[in-house]
Amino acid sequence: MANVQYYDVILKPVVTEKSMNIMADKKYTFLVHPEANKTMIKDAVEKMFDGVKVESVKTMNCEGKNKRRGMIVGKTAKTKKAIVKLTEDSADIEIFAGL
């Protein structure tokens, strides 16, 4: 496994209609490094955002889609998503506040 630091774990937030609806339950969705595990994701979220306590982390691996360009067939890159649930007394994550 590669040497993944906490600032390399979270790549970007996922902003979709479904992910915005579950924010009311203090659940936030992130695109994460494919080799990151749940404890690495938990530590990265708690270090990157002040006053945040993580209750649980759920991850899902997404396979790459088949793409064609003429007769050339290929696949897009694999991705990994994480849904992070915060505790009730935890502060909210600020990057989602203006959305």
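Lys-26 is placed in the loop between α2 and β2 (27-32). In this predicted model, the phi angle of Lys-26 is near 60°, a positive value in a residue other than glycine. Most residues other than glycine have a negative phi. Lys-26 counts as buried because its relative accessibility is 16%, and the cut-off for a buried residue is under 20% relative accessible area.

The side chain of Lys-26 also takes part in a salt bridge, in which it meets the side chain of Asp-92 at 3.6 Å, N to O. The two partners come from distant parts of the chain: Lys-26 belongs to the loop between α2 and β2, whereas Asp-92 belongs to the segment after β6, and 66 residues separate them. The structure holds 1 salt bridge. The partners fall into separate classes of accessibility, for Lys-26 is buried at 16%, while Asp-92 is partly exposed, with a relative accessible area of 45%. The value for Asp-92 places this residue in the partly exposed class because that class lies between the limits of 20% and 50%.

The segment after β6 also contains Ile-93. With a relative accessible area of 3%, Ile-93 is buried. From C-alpha to C-alpha, Ile-93 and Val-14 are 13 Å apart in space, although their positions lie 79 residues apart in sequence.

Val-14 is in turn one of the residues that line the largest pocket of the model. About 170 Å³ of space lies in this pocket. Rolling a probe the size of a water molecule over the atoms shows where empty space is left. Together with Val-14, the lining consists of Thr-16, Lys-18, Ser-19, Ile-22, Thr-29, Met-60, Lys-81 and Ile-83. Two elements, α2 (17-21) and β6 (79-86), each supply at least two residues of this lining. Sorted by class, the lining has 4 nonpolar, 3 polar and 2 charged residues.

On the surface, a nonpolar patch is formed by Tyr-6, Tyr-7 and Met-48. Together these residues have about 310 Å² of accessible area. Met-48 is placed in helix α3, which covers residues 38-48. Because its relative accessibility is 37%, Met-48 counts as partly exposed. The value for Met-48 is compatible with a place in the patch, because patches are made of residues with over 30% relative accessible area.

Phe-49 lies in the loop between α3 and β3 (54-62). In contrast to the partly exposed Met-48, Phe-49 is buried, with a relative accessible area of 10%. The C-alpha atoms of Phe-49 and Arg-68 are 40 Å apart in space, with a separation of 19 residues in sequence.

The overall architecture of the protein chain comprises 3 helices and 6 strands. Read along the sequence, these elements follow the pattern α-β-α-β-α-β-β-β-β. The C-alpha trace spans about 55 × 35 × 20 Å along its principal axes. The chain has 99 residues, of which 30% count as buried. Among the buried residues are Lys-26, at 16%, Ile-93, at 3%, and Phe-49, at 10%.

Terms used:
Residues are numbered from 1 along each chain as its sequence is written. This is a predicted model: local features need pLDDT of at least 70, side-chain atom pairs count only at pLDDT 80 or more; totals for chains, interfaces and linings use all residues. Side-chain values use heavy atoms; hydrogens and water are left out. On a 1 Å grid over the protein atoms alone, a cavity is a set of points where a 1.4 Å probe fits but cannot get out, and a pocket is an open set with protein on both sides within 12 Å along at least five of seven lines; lining residues have an atom within 4 Å of a point. Grid points are joined across faces, edges and corners, and a volume is the space filled by probe spheres set on the points. Helices (H or I, at least four residues) and strands (E, at least two) are DSSP runs, numbered from the N terminus. Ala, Val, Leu, Ile, Met, Phe, Trp, Tyr, Cys and Pro count as nonpolar, Asp, Glu, Lys and Arg as charged, and the others, Gly among them, as polar. Patches are made of residues with over 30% relative accessible area and no salt bridge: like charges are joined within 9 Å, nonpolar side chains (Val, Leu, Ile, Met, Phe, Trp, Tyr) within 5 Å. Accessible areas come from the Shrake-Rupley method with a 1.4 Å probe; for residues, only the protein chains shown count as cover. A salt bridge is a side-chain nitrogen of Lys or Arg within 4 Å of a carboxyl oxygen of Asp or Glu. Buried means under 20% relative accessible area, exposed over 50%, partly exposed in between (1.4 Å probe, protein chains only).
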